[in-house]
Each structure stands twice: as C-alpha cells, then as structure tokens.
Amino acid sequence: MASGSGSLMWFRKGLRIHDNPALQYAAEGTKFLYPVFVIDPHYMEPDKNAFSLGSARAGLNRINFLLESLADLDSSLKKLGSRLLVLKGEPSEVLIRCLKEWEVEKLCFEYDTEPYYQALDFKVKNYASTAGIEVFSPVSHTLFNPTDIIQKNGGRPPLSYQSFVKLAGQPSSPLSHTLSSLPLVGDVGSCVISEVPTIKELGYVDIGQDECSPFRGGESEALKRLNEIKIDKEWVATFEKPKGNPSAFLKPATTVLSPYLKFGCLSCRFFYQCLQDVYKNVKRHTSPPVSLLGQLLWRDFFYTVAFGTPNFDQMRGNRICKQIPWNDDDELLTAWRDARTGYPWIDAIMVQLRKWGWMHHLARHSVACFLTRGDLFVHWEKGRDVFERLLIDSDWAINNGNWLWLSCSSFFYQYNRIYSPISFGKKYDPNGDYIRHFLPILKDMPREYIYEPWTAPLSIQTKAKCIIGRDYPKPVVLHDTASKECRRKMAEAYALNKDLNGMVSEEDIRNLRRKLKEDPEQEAKNKRIR
C-alpha cells in the first residue's frame, strides 16, 4: 500500500456512529479507513478464580453487553461500506503493530480519562509521534473537557457540584453532520483479523435466560431507548432524583441509559441536546441537580474530580477521602456479596445485581450504605470491587465517586443518616413484590413479615415453606445495634481526621481500630446472630 494513504480509527468506548468526532476526522480526506477494536485479554479472558462468571475484571453480563455493542457497531459500519476489524492482544502492542504494517497517516481515538487508558494512550501516542503519524484524540465521552475545568479552578478539581456547574458553563453541541458513507478498509497485510466474537468463542458458556441482563447492548438499542424517553415529555420534564421507585423492576423508574453512556453507545452531548429540546416544549420542568439534565452534569462532575485526584480509587493517599478504620471482615463481605445477609431488601437487590448487572440508584444506595457506614462497617473499596465487576454500567469515575459518597468518605458527610434495610424498601413496596421476585424462597411469606422474616412465628415460617436459619439466613447483624455502633465509629474517625487535619497515618488508623475494639460489651451486642 502506498505510504500515508490510510487512517486508523481505534474504538474503545465511543461505540457509535452518531456524534463521533474521532471517526468523522478519521474518515476525512483519506483513501482507506481501518476501524479497529482490540479484544483485551486483561478485560475479556475467562478467570476461573473469580466469584462470578467472567474475566478477572468484568462479570459476564458486562462482557456480553460489550459484545452486543460491538456487533451493532460492525453492522452500522457495514451499512456505510466499512466493517469493524477485531484483533486480540495487549492493546498498545496490537495498535503499534497495525500502525507499522498498514503505513497509517492518521490515528484517531476518543480521549479517555481512566488511569488504565491514560497509560495505554501514552505508549501509543509516543510511538505515533516518533513515526510521524498524526494523532487526533478529542474529548467526546463527557460534556466538558476535565482538563479545562481543572485549569479554570486553579489546577485543582472543584469538589462540589455547585462549583463545578458554575465553572463548566454550556457544553458544545453534538456534530450536526451525519456520516452517509465511509472510505474502504485497506489491505490488512499479515494482521490477524476476526469478526466480533460470541461469548462462546471467548471461552464462556452461554448465560441462561434467567441469569442474564434484560438490557441489550449497542447504539441502535440506545437510540431506540432515547426515542421512547423523548416521546414521554411529561416524564422527562418531571424526573426528579433522588425520587423514583427502587423496587420497580418490570418497568424501571429511570432511563436505564447509563450502560449506553458508559460504553459510549449514546453520545452524552446528543442526550443533553435532546433533553434541552424536550424542555423547550413543556410549560415547566425540574432543574439540575435533580433533573435528567442534572444527572448528566453529575456524571461530568465525577469524571472531573476523578481525573484531577491522585489515588481517587482508594482510601490511602487520596487527599479528598476520610481515613476510616473499616473492618476487615471477609465473612460479612461475602454474606453481602452473595445475598445472604438475612435482610430480604438487601439480598434481593444483590440478586438483581448478580442476575441483571443493574439496579435502581436508590437500591445501590441501600446496599452500599448497609455494607459500609450503616451496618457492616466493611471497607468501601471492597464493595466498589463487587459493583465494578457485576454492573453493566460500571464506570471507573462514577463507581468510585458513588462509593466515596455513600460511605461518607467524601462529598457527603451526614453519617447519621442511614438507610434502614427494613423500612426504606417497605415505603415503596409494602407487599414485597420485588423481594418475592428476586428471592423466590420468600414468595409465600406474609407481607407483614416479608422485610423481617426472622420475626415470623415458626408456624408461619412452616406454612410459607421458609424456615429462617435453614432455608434463608438469620440476619448477620441486628440493624439497631449495628447502626448505633457504626455511628460511634464514624464519629471517632471524623474526630481523628479533624484533629490531624486529614494527615492520618496507617498507624493512627491501627490505633483507632484498637481503641474501638476496647468496648467488648458493645462489640458482643453486635456479633452475628447464630
């Protein structure tokens, strides 16, 4: 092939044709276009030691959602006279090999703020610049460029939503130009190209219908969902977070667009514009931070803070994170992860997470609070790891940001406000239909006991064919005493952080942990009920 006659479009997120500035630039003034996706073993290879089906990094639901998104992208590219070239291996090595082999003149890919991609991109950009290849890496996964916001704020990310919104201003509009065709794919030489693989071809068994997410991946599905939402102008106009019913599962009380935004099947700029269009045509609508538009701004807020905060994904070395002496209790963590806490509301949510890879934001709040500062006092990083694996919309910045928030480690500090694992769910679903669906062992439990089945007399348990302690676990802690104990520990930890002006060492944490354990009577009260 003649030198300098091709562009390489490297897809990672941004799995779409609409409003894709990297793809548009790659297609301009070039003879050949190579649309590439690299199957990264780090993300996709089966791991037999993981606690659920999937790779070392991702559960099977998310891998499946990604494969569906890639198949949809391939189909859209074919309609435009192109196709997706799928390669396998360590992405930076594969990319560099392709750039050499295909004598590419332009390399285009969407900018990514995640540490993993930052490191990858550094390697690839370095090679491209020494080889004289032009690199175009626009910001299009977020509404704003996090670097710009941080610069405007004097080199540090804004730490409140209000200050972020003030700095951000209005986002740029999505691209108005729609691609009607793409340049041909050039000669691929000796590079091994495959079609988008199936789950089986990656080495996984097929997921049973009952065990898989009801949400299909891909740009086509994202745009279909968006159109359905746009038609219901009243719902869009009155959407108000944190309201909404966390127990609604047959028709979820949110957009369920988060996984499509996570993989970039839907452009956030296009979504923002669509919401603005709806707002123009209604008499009144909710406003940020609680409106749908506000949710997109929250997303950008977390991206900006995550990008500008070293060690954002951990407690140690994270300057915005309170240092707290969390328990290191793997038994409690496993009970929570495997839906065996003995609290049906919590366990039903964890079953939905395992089966669907998604749950309502208030359901996420309930289980995150329960694991950390509400009842079990287990480290937020451990809960974050479970969510990161199982959620189809798991997003590095937002997942870590929400766990920091819900554990009262950062952003939100009212640790006395605790979600009850009993009354919170009951408020939305007094009959316990959500519990009966995801925990069928409790389907015949009378409604007055469905949230606290351990209080049912044995005769009622027998009639409901569910003996507590045999068919369904006893509660791992008593909520009233456990939450009191958590508040005491949080108060002590906050006082220590204040006294030391946030400069808390590992030794300080160890000493506080010892001090908190010195009240054995309190600890004994809170021991698991056997």
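Okay, so E110: you'll find this residue in the loop that runs between β4, residues 104–108, and α5, residues 115–130. Keep in mind that what we're looking at is a predicted model. Is E110 buried or exposed? It counts as buried, because its relative accessibility is 6%, and the cut-off for buried is under 20%.

So what does E110 touch, once we leave aside neighbours within four places in sequence? The list is R12, K13, G14, R16, A22, S137, P138, S140 and H141. With H141 we can be more specific: a polar atom of the E110 side chain sits 3.4 Å from the backbone nitrogen of H141.

Now let's go to the sheet. It's an open one with five strands, and if you read across, the order is β3-β2-β1-β4-β5, with parallel pairing. At the edges you have β3, residues 85–88, and β5, residues 134–136, and each of those pairs on one side only. On average, neighbouring strands here are turned by 30 degrees against each other, if you ignore direction. A quick reminder on sheets: strands pair through backbone hydrogen bonds, either parallel or antiparallel.

Zoom in on one pair. β1, residues 6–11, runs parallel to β2, residues 32–39, and six bridges link the two. If you want a spot to click on, try L8, which stands opposite Y34 in β2.

While we're around β2, have a look at K31, in the loop that comes between α1, residues 21–27, and β2. K31 counts as exposed, because its relative accessibility is 60%, and exposed means over 50%. Which residues does K31 contact, again leaving out neighbours within four places in sequence? Those are S5, P183 and L184. And here's a distance to check on screen: K31 and P46 are 15 residues apart along the chain, and their C-alpha atoms are separated by 38 Å.

Last stop, helix α22, residues 506–517. It has twelve residues and reaches 17 Å from first C-alpha to last, close to the 16 Å expected at 1.5 Å a residue. Which residues of α22 are buried? I509, L512 and L516 are. Why do we say they share a side of α22? Because they cover an arc of only 65 degrees around the axis. That goes with the usual helix rule: there are 3.6 residues a turn, so residues three or four places apart point the same way. Swing round to the other side of α22 and you get R514 and K517, which are exposed.

Notes. Residues numbered from 1 in each chain as written. Predicted model: local features only at pLDDT ≥ 70, side-chain atom pairs only at ≥ 80, totals over all residues. Heavy atoms only, no water. Pairing = 2+ DSSP bridges. Helix = DSSP H or I, 4+ residues; strand = E, 2+ residues; numbered from the N terminus. Axes fitted to C-alpha atoms, helices over the stretch in contact; angles between N-to-C directions. Expected span 1.5 Å × (residues − 1). Buried < 20%, exposed > 50% of the residue type's maximum accessible area, 1.4 Å probe, protein only. Arc of directions from axis to C-beta. Polar contact = N/O pair within 3.5 Å; in protein donor to acceptor, adjacent residues only side chain to side chain. Contact = heavy atoms within 4.5 Å.
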